[in-house]
Amino acid sequence: SDYHAVVSQLQLHGYDAADALVEVGPREGELTLRQEDIDAAIAKEGPSVALVLFCGIQYYTGQLMDMQRITTLAHAQGCKVGFDLAHAVGNVPLQLHAWGPDFACWCTYKYMNSGPGSVGGAFVHERHGV
């Protein structure tokens with residue numbers, strides 16, 4: 001669903017996702033992302049990137065992303081940083097304020113054991129406050 005949300009925003013703002021979306025995937029024969037590949041993509045594309053968006057935990061493999069490192073590297077390139085924490089909140093310790101992403105969002109029906117119609121959550125770093 002994150003992919004579709006990003007593509008729809010790109011299209012809304014007149015961009016072609018084939019040109020404007022940078023994706024980092026696992027290497028051939030591997031299931032998880034290598035941190036050095038994430039680092040390299042941010043270093044290469046960073047100056048032209050508005051938003052670096054990752055999951056906190058990849059739902060299919062259970063890979064926990066190094067959110068602090070991703071945030072630090074992306075901010076050094078001038079990018080905003082967001083995380084989808086649907087599989088991380090209630091599952092692993094999070095220190096969003098300390099790590100410094102610009103925002104994060106999550107649902108509560110997965111690892112927080114709420115039911116249908118439950119509320120979602122959002123974090124916006126205080127530096128964006130009024």
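## Arg34 and its partners

Arg34 is partly exposed, with a relative accessible area of 29%, where buried means under 20% relative accessible area, exposed means over 50%, and partly exposed lies in between (1.4 Å probe, protein chains only). The model is predicted, so local features need a pLDDT of at least 70 and side-chain atom pairs count only at pLDDT 80 or more, while totals for chains, interfaces and linings use all residues. Residues are numbered from 1 along each chain as its sequence is written, and side-chain values use heavy atoms, with hydrogens and water left out.

Which residue does Arg34 meet in a salt bridge? The partner is Glu30, and the closest N and O atoms of the two residues are 2.4 Å apart; a salt bridge here is a side-chain nitrogen of Lys or Arg within 4 Å of a carboxyl oxygen of Asp or Glu. Glu30 is partly exposed as well, and its relative accessible area is 27%. The picture widens with Glu36, since Glu30, Arg34 and Glu36 are linked in a network of salt bridges.

## Salt bridges between separate parts of the chain

Side chains of opposite charge can pair when their charged atoms come close. In the whole structure, a search finds six salt bridges. One of them joins the side chains of Arg27 and Asp37, with a distance of 2.7 Å from N to O. This pair links distant parts of the chain, because Arg27 lies in the loop between α2 (17–20) and α3 whereas Asp37 lies in helix α3, ten residues apart. Helices (H or I, at least four residues) and strands (E, at least two) are DSSP runs, numbered from the N terminus. Arg27 itself counts as partly exposed, at 36% relative accessibility.

Helix α3 covers residues 35–45, and Asp39 has its place there. Asp39 forms a salt bridge with Arg69, in which the closest N and O atoms are 2.2 Å apart. Here too the pair links distant parts of the chain, with Asp39 in helix α3 and Arg69 in helix α4, 30 residues apart. Are the two partners buried, exposed or something in between? Asp39 counts as buried because its relative accessibility is 14%, whereas Arg69, at 38%, counts as partly exposed.

## The sheet

Four strands form an open sheet, and their order is β1-β2-β3-β4 with mixed pairing; two strands pair if DSSP finds at least two bridges between them. Which strands stand at the edges of this sheet? They are β1 (51–55) and β4 (121–124), and because each has a single partner strand, one side of each is left without a neighbour in the sheet.

At one edge, β1 runs parallel to strand β2 (residues 80–84), and five bridges join the two. Within this pairing, Leu51 stands opposite Lys80 in β2, and Val52 stands opposite Val81 in β2. Strand β2 is largely enclosed by the rest of the structure, because four of its five residues are buried.

At the other edge, strand β3 (residues 103–106) and β4 run antiparallel and are joined by four bridges. Cys105 stands opposite Ala122 in β4. The two faces of β4 can be told apart by their cover: Gly121 and Phe123 make up the covered face, while Ala122 and Val124 make up the uncovered one.

## Loops beside the strands

The loop between β1 and α4 (67–76) holds Tyr59, and this residue counts as exposed because its relative accessibility is 62%. Another loop, the one between β3 and β4, is the place of Ser114, which counts as partly exposed at 27% relative accessibility.

How far apart are Ser114 and Gly56 in sequence and in space? Along the sequence, Ser114 and Gly56 are separated by 58 residues, and in space they are 20 Å apart, C-alpha to C-alpha.
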